[in-house]
Amino acid sequence: MHATLCDLMTDMIQNAVEADATMIELTICGTEEHLEFEVRDNGKGMDRETQAKAIDPFYSNGQKHAHRRVGLGLPFLFQTAEAAGGAAAIESTEGKGTLIRFRAKTQHVDLPPFGDFAGAAAMMLTLMPKGEMKITRILSGEGYTLSRSELEDALGGLNSAGSLTLLKTYIASQEEDLRKAG
Amino acid sequence: MAKLTLNDLRKLRDETKRNMSQRSTEGKRAEVVIGMGTCGIAAGAKAVFDAFLDEMSKAGIEDVTIKQTGCMGLCFSEPTVEVICNDMPHVVYGNVDDKTARRIVREHLAGKALVSDHIFDKPSTDIIKNAGK
């Protein structure tokens with residue numbers, strides 16, 4: 001299992017990158033009752049049969065690793081949601097993209113810790129080799145959005161240690177402001 | 001910390017660039033690629049990413065890029081990190097934790113010496129281009 005919710009989100013973003021998405025949107029909404037996030041991408045998508053198999057931990061399409069018999073990313077997501085009083089869902093159309101939804105009870109004892117969002121978001125924004133990624137964070141009605149293209153423009157490239165450090169600082173300042181507002 | 005705007009970020013970038021140009025760098029050039037598949041994430045790749053970033057910032061190493069990739073086929077030795085330096089052998093390190101990541105920065109990227117006890121050769125053959133054909 002993943003240790004934090006940020007790890008789960010990163011895993012879903014990595015799936016979208018491997019599906020050749022050029023546009024990825026992560027939206028995270030937190031209230032006192034529920035924590036929800038969704039990842040929407042325009043990657044290669046899945047047919048109905050593959051969607052059903054994707055939540056089976058003993059299924060992998062074998063395209064990247066020919067002899068592999070497990071695929072744990074989506075099963076981790078579903079297991080965590082269900083253990084924490086919520087649910088997860090996949091909506092996908094082959095050739096068009098995928099939408100992954102996660103919902104859990106904020107106060108549930110089995111909900112993993114949220115994690116270090118500034119560091120995780122910096123990683124997620126730099127997982128894509130090219131294309132646009134938007135991350136929207138909403139906490140009790142207040143929020144902010146990060147755009148990969150805007151941040152890349154401001155920093156002149158995202159993958160140097162200096163840029164990544166500034167990116168983390170920038171996101172941490174948004175988080176701090178959001179928590180104060182909330 | 002006050003909430004930063006994109007303009008603040010541009011100013012910070014320019015300030016950092018000015019500071020960097022005042023240091024006597026030796027023109028190191030390398031790429032660090034961290035495995036960020038389900039296996040890598042579950043094994044602690046985020047902590048490794050943070051450690052690389054922190055140690056590289058402390059060492060003032062600015063001309064090394066940090067990238068991420070999916071599973072490299074070495075799930076048993078996650079977190080894995082590939083280091084590609086122009087003038088050194090191309091290696092994959094396995095079982096990298098916070099401490100090892102900092103050693104890789106100090107010994108490999110700055111000191112140009114391999115961290116031999118964590119070398120796992122190269123990515124698994126099933127993901128190398130044309131493998132098995």
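**The sheet of chain B and its contact with chain A**

In this predicted model, strands S1(B) and S3(B) run antiparallel and are joined by five bridges. One of these pairings can be followed at the level of residues: Ala30(B) has Cys85(B) in S3(B) as its bridge partner.

S3(B), which covers residues 81-85, also pairs with S4(B), again in the antiparallel sense, over three bridges. Here Val81(B) stands opposite Tyr93(B) of S4(B), and Val83(B) stands opposite Val91(B) of that strand. The connection between S3(B) and S4(B) is a hairpin of five residues.

Strands of a sheet can pair in a parallel or an antiparallel way, in both cases through backbone hydrogen bonds. The strands of chain B described so far belong to an open sheet of four strands, in the order S2-S1-S3-S4, and the pairing within this sheet is mixed. Strand S2 (64-69) and strand S4 (91-93) of chain B are at the edges with a single partner strand each, so one side of each has no neighbour in the sheet. On average, and ignoring direction, neighbouring strands of the sheet are turned by 20° against each other.

A helix packs on this sheet: helix H4 of chain B, residues 98-110, touches S1 (30-35), S2, S3 and S4 of chain B. The direction of H4(B) makes about 10° with that of S3(B).

The next step is to place these elements in the chain. Chain B has four helices and four strands, and along the sequence they follow the pattern α-β-α-α-β-β-β-α. Of the contacts in chain B with a separation of 6 or more, 70% are between residues 24 or more positions apart. Chain B has 133 residues, and 38% of them are buried.

What remains is the contact between the two chains. How many residues does each chain bring to this contact? Chain A gives 35 residues and chain B gives 34 residues. On chain A, the helices that each supply at least two residues to the side touching chain B are H1 (5-18), H3 (73-83), H4 (117-125), H5 (148-155) and H6 (161-181). H6(A) provides the largest share of that side, with eleven residues. Sorted by class, the side of chain A that touches chain B consists of 13 nonpolar, 15 polar and seven charged residues.

Notes:
Residues are numbered from 1 along each chain as its sequence is written. Chains are lettered from A and ligands numbered from 1 in the order in which they are written. This is a predicted model: local features need pLDDT of at least 70, side-chain atom pairs count only at pLDDT 80 or more; totals for chains, interfaces and linings use all residues. Two residues are in contact if their C-beta atoms, placed from the backbone, lie within 7 Å. Ala, Val, Leu, Ile, Met, Phe, Trp, Tyr, Cys and Pro count as nonpolar, Asp, Glu, Lys and Arg as charged, and the others, Gly among them, as polar. Two strands pair if DSSP finds at least two bridges between them. Axes are lines fitted to C-alpha atoms, for helices over the stretch in contact, and angles run from 0 to 180 degrees between N-to-C directions. A residue is buried if 20 or more other C-beta atoms lie within 10 Å of its own, exposed if 12 or fewer, and partly exposed in between; C-beta atoms are placed from the backbone.
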